[in-house]
Amino acid sequence: MTQERAVITFEEGWAHMEVGIARLKRILAGERDVSFSSEQYMSLYTTAYNMCTQKPPHDHSQKLYDNYKGVLDEYITSTVLPSLMEKHGEFLLRELVLRSKNHKVMVKWLSRFFHYLDRYFLSRRSLDSLTLVGSKSFTTLVGSCVFEEPKATVTTIVIAMIDQDREGQIIDRALIKNVLNIYTELGTELKTELYQKDFEDAFVQDTIDYYSKKAQTWIVEDTCPEYMLKAEECLQKEKERVAHYLHSSTEPRLMEAAQGELLARHIDQILKKENSGCKVLLCDEKVEDLSRMFRLFSRIKDGLPPVSKTFQEHVNEVGMSLLKQAVDAASSKKFPSFLFLNHYWLFQDYVRKILDLHDKYMGYVVSCFQNHTLFHKALKEAFEVVCNKDVAGCTSAELFASYCDSILRKGGTEKLSDDAIEENLDKVVKLLTYISDKDLFIEFHRKKLGRRLLFDKSGNDEQERSLLSKLKQYFGGQFTSKMEGMLTDVILAKDNIAKFDEFISNNPELNPSVDLSVQVLTTGYWPTYKSSEINLPSEMVKCIEVFKQFYQSITKHRKMNWIYSLGNCNIVGKFDTKPIELIVTTYQGALLLLFNEAEKLSFSEIVTQLNLSEDDTARVLHSLSCGKYKILNKEPNTRTISPKDVFEFNHKFTDKMRRIKVPLPPSDEKKKVIDDVNKDRRFAIDAALVRIMKSRKIMAHQNLVAECVEQLSRMFKPDIKMIKRRIEDLITREYLERDKDSANSYRYLA
């Protein structure tokens with residue numbers, strides 16, 4: 001048999017609860033030797049439990065809930081608010097932190113006393129939890145006192161202290177952090193943006209005002225590097241403030257505000273600062289300052305384009321300055337025009353400087369500008385302008401080909417180690433990506449490669465192949481396949497020479513008594529070379545016949561065409577003082593051997609006996625009678641060759657050397673190279689047009705031209721007029737026709 005529990009009236013129960021609440025207030029007031037024993041705590045908990053679990057009408061849950069809030073409000077009103085109202089400045093903040101801490105303690109203990117309300121009564125009625133009621137009470141009553149008064153709010157005090165921190169004064173950062181934690185904690189509990197609305201908005205605006213004033217002063221007083229140094233330091237310290245005492249959510253808005261005032265608003269003034277702006281930093285090679293500029297302006301929206309534009313303008317100006325220096329050198333009286341046309345070594349210094357310039361500013365892009373695509377693009381566009389300018393009538397394609405020739409040619413003007421050659425070839429190929437007439441470079445390079453290979457002037461086959469490999473990687477195999485074939489021909493030629501020597505040793509009756517070396521070239525791989533028929537001396541004719549016999553013995557399906565213009569020979573000139581070995585071309589040798597049969601020969605007689613054109617004959621005679629070595633005497637003794645001239649062997653010729661090379665006047669092959677390239681371009685344009693129309697069937701003129709340019713621009717920039725002419729030619733040849741329904745469109749004819 002159970003004994004019923006005595007009913008507790010609300011007055012009795014609440015009187016007991018008030019005793020505990022009074023003890024709690026004494027604890028919060030800091031009285032010594034005041035605490036709760038476990039028995040006292042359980043007595044209060046039990047009393048509250050019994051008052052809530054009695055049967056109606058003795059269930060006092062609602063009254064307890066209401067009185068719980070009343071206790072908090074009364075304590076705040078009577079104790080907390082007076083203590084806050086009498087404090088100012090930093091003392092107010094300290095008091096607020098203390099009262100907030102005490103309030104948490106009070107809510108914690110009261111929530112334990114009234115725990116049964118939280119567990120059952122509040123959940124069933126969908127009422128605010130005891131903790132939430134406590135937060136609302138504190139926010140409502142304390143907030144109206146310290147968060148809303150316009151002259152002495154907590155926010156204004158905190159912001160003032162932060163401004164002191166910015167000015168380098170020592171402040172209590174822990175105090176600010178604790179105050180701001182009150183904002184965030186109350187906001188979290190109340191599910192409101194208390195921190196943002198009551199602090200962050202005002203703080204961000206203060207940041208804008210603060211740095212606006214600072215920037216206006218610094219931009220006038222400081223140089224560009226000094227300003228950036230201060231700006232970077234300020235931004236770093238703002239970031240540190242977030243870590244020390246601000247909420248992490250403040251960082252994006254704070255940094256945006258500071259960066260906006262320090263950088264975005266003054267970007268033009270910073271970059272164009274007189275005597276210290278971006279261009280000056282580039283000129284003075286201030287790598288550290290440029291790196292800082294990139295770091296700073298990469299933080300703000302649209303901050304980098306103005307920097308990259310300035311970088312591009314500077315690179316372009318420096319490049320054009322080098323170009324002007326080269327043009328001025330070419331037009332200088334020190335260098336006659338004919339010398340420039342035939343000796344590109346005069347401009348190797350220009351090419352070297354362009355390579356070094358690109359190397360230097362690519363280093364800036366990598367190190368200062370962190371490989372950013374905007375700066376790669378700026379560098380590319382700047383060098384595209386410079387590299388597509390002619391230098392005194394020579395295209396960059398021509399000059400780059402000549403530079404490659406100078407470092408790859410045996411005995412060239414560039415004396416470099418193998419590693420240096422490889423490095424320079426890398427640099428050249430990178431710059432070739434900027435020129436629009438890549439096909440023109442390929443043709444010039446093929447022409448010069450041919451001369452290096454044919455005259456054994458190539459320094460190293462591996463280096464030749466290395467350059468072709470680089471070109472193949474950048475431009476595609478179709479542009480290097482011919483040159484790869486040329487290198488293969490040279491290797492095969494060495495095998496043929498060995499076989500020919502073996503053939504002669506096995507057939508001694510065929511021995512031509514003259515040492516002979518023949519290089520067999522594959523038509524199509526090599527550039528086309530001008531060659532005229534010539535009446536060769538009997539010794540040379542016999543050599544050719546023997547080699548023909550040999551070659552027919554190893555292959556029966558190939559036709560040989562002899563290119564005498566590329567041949568050379570060694571003959572001995574028997575002069576009065578001493579015999580001298582002369583290294584001459586086949587044409588020169590054939591002409592000199594005519595004087596074995598006659599002392600004097602006229603120009604017309606030489607032309608008739610050699611069966612050579614007058615132009616070629618005049619060129620050969622000029623080299624032998626008007627050049628450095630006067631092997632022949634000419635009457636009259638003038639510097640030009642005319643049909644009335646008479647020539648005789650110069651028996652009195654002498655030279656300190658026993659072996660000399662008699663050069664031919666260099667011929668200008670530039671026009672032929674350009675003509676060959678233009679011819680190939682016509683074929684390329686035709687192929688592109690047909691390829692496009694075959695896939696599209698019908699296409700408007702403008703779209704066809706645009707797509708054709710896009711397809712071909714990888715190797716050269718097609719001329720629009722040439723494309724129009726090729727379209728007309730394809731219409732004439734019935735590959736295309738004009739569309740009957742649209743005069744401005746074309747139709748593909750299958």
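# Notebook: a walk through the model

I began with a strand pair: E4 and strand E5, which covers residues 646-649, run antiparallel to each other and share four bridges. A reminder to myself before going further: this is a predicted model.

**Entry 1, the sheet around E5.** I looked up which strands belong together here. The sheet is open and has three strands, in the order E3-E5-E4, with antiparallel pairing. Its edges are strand E3 (600-602) and strand E4 (632-635), each of which pairs on one side only. I noted the twist as well: neighbouring strands are turned by 25 degrees against each other on average, direction ignored. Then I asked what packs on this sheet. The answer is helix H27, residues 614-625, which touches E4 and E5. The direction of H27 makes about 110 degrees with that of E4.

For one residue pair, I checked Glu635 and found it opposite Val646 in E5. Glu635 came up again when I went through the peptide bonds: the bond from Glu635 to Pro636 is cis, with omega near -5 degrees. Pro636 sits in the loop between E4 and E5.

**Entry 2, more backbone notes.** As background for a newcomer, most peptide bonds are trans, and most residues other than glycine have a negative phi. Where else did I note a cis bond? The bond from Pro56 to Pro57 is cis too, with omega near 5 degrees. I located Pro57 in the loop that joins helix H2 (38-53) and helix H3 (61-85).

I also wrote down Asp456, which is not a glycine and yet has a positive phi, near 55 degrees. Asp456 lies in the loop between H21 and helix H22 (461-475).

**Entry 3, a second sheet.** Further along I found three strands in an open sheet, ordered E7-E9-E8 and paired antiparallel. Strand E7 (698-700) and strand E8 (736-738) are the edges, each pairing on one side only. From one strand to the next the twist averages 30 degrees. E7 pairs with strand E9, residues 745-748, in the antiparallel sense over three bridges. Which residue in E9 is the bridge partner of Met699? I found Tyr746 there.

Two helices go with this sheet in my notes. H29 packs on the sheet and touches E7 and E9, its direction making about 90 degrees with that of E7. Helix H30, residues 720-732, lies across E8 and E9 and runs at about 100 degrees to E8.

**Entry 4, a pocket.** Next I looked at the second largest pocket, which holds about 430 Å³ of space. It is lined by 17 residues, and the closest to its centre are Asp439, Gln478, Phe479, Asp680 and Met715. Which elements give two or more residues to this lining? They are helix H21 (438-454), helix H23 (481-506), helix H28 (670-696) and helix H29 (701-712). So H29 turns up again here: it lines this pocket and packs on the E7-E9-E8 sheet. By class, I recorded eight nonpolar, two polar and seven charged residues in the lining.

**Entry 5, a cavity.** How many cavities of 30 Å³ or more does a search of the whole structure find? The search gives one. The largest cavity has a volume of about 30 Å³. Tyr350, Ile354, Val386, Cys387, Ser396 and Phe400 line it. Helix H17 (348-367), helix H18 (373-387) and helix H19 (396-408) are the elements that each give two or more residues to that lining. I counted the classes here too: five residues are nonpolar, one is polar and none is charged.

**Entry 6, aromatic rings.** The structure holds 35 aromatic pairs. I picked one to look at: the ring centres of Tyr116 and Tyr120 are 4.7 Å apart and the planes are at 40 degrees, so this pair is tilted. Why are Tyr116 and Tyr120 separated by about one helical turn? It is because they are four residues apart in helix H5, residues 115-125.

**Entry 7, Gly567.** Last, I looked up Gly567, which is in the loop between helix H24 (538-554) and strand E1 (568-574). Gly567 and Phe455 are 112 residues apart in sequence, while their C-alpha atoms are 8.9 Å apart in space. Leaving out residues up to four places away in sequence, Gly567 touches Thr585 and Thr586.

How values were computed: Residues are numbered from 1 along each chain as its sequence is written. This is a predicted model: local features need pLDDT of at least 70, side-chain atom pairs count only at pLDDT 80 or more; totals for chains, interfaces and linings use all residues. Side-chain values use heavy atoms; hydrogens and water are left out. On a 1 Å grid over the protein atoms alone, a cavity is a set of points where a 1.4 Å probe fits but cannot get out, and a pocket is an open set with protein on both sides within 12 Å along at least five of seven lines; lining residues have an atom within 4 Å of a point. Grid points are joined across faces, edges and corners, and a volume is the space filled by probe spheres set on the points. Ala, Val, Leu, Ile, Met, Phe, Trp, Tyr, Cys and Pro count as nonpolar, Asp, Glu, Lys and Arg as charged, and the others, Gly among them, as polar. Two strands pair if DSSP finds at least two bridges between them. Axes are lines fitted to C-alpha atoms, for helices over the stretch in contact, and angles run from 0 to 180 degrees between N-to-C directions. Contact means heavy atoms within 4.5 Å. Rings of Phe, Tyr and Trp (its six-membered ring) pair if their centres lie within 6.5 Å; planes under 30 degrees apart count as stacked, over 60 as edge-to-face and the rest as tilted.
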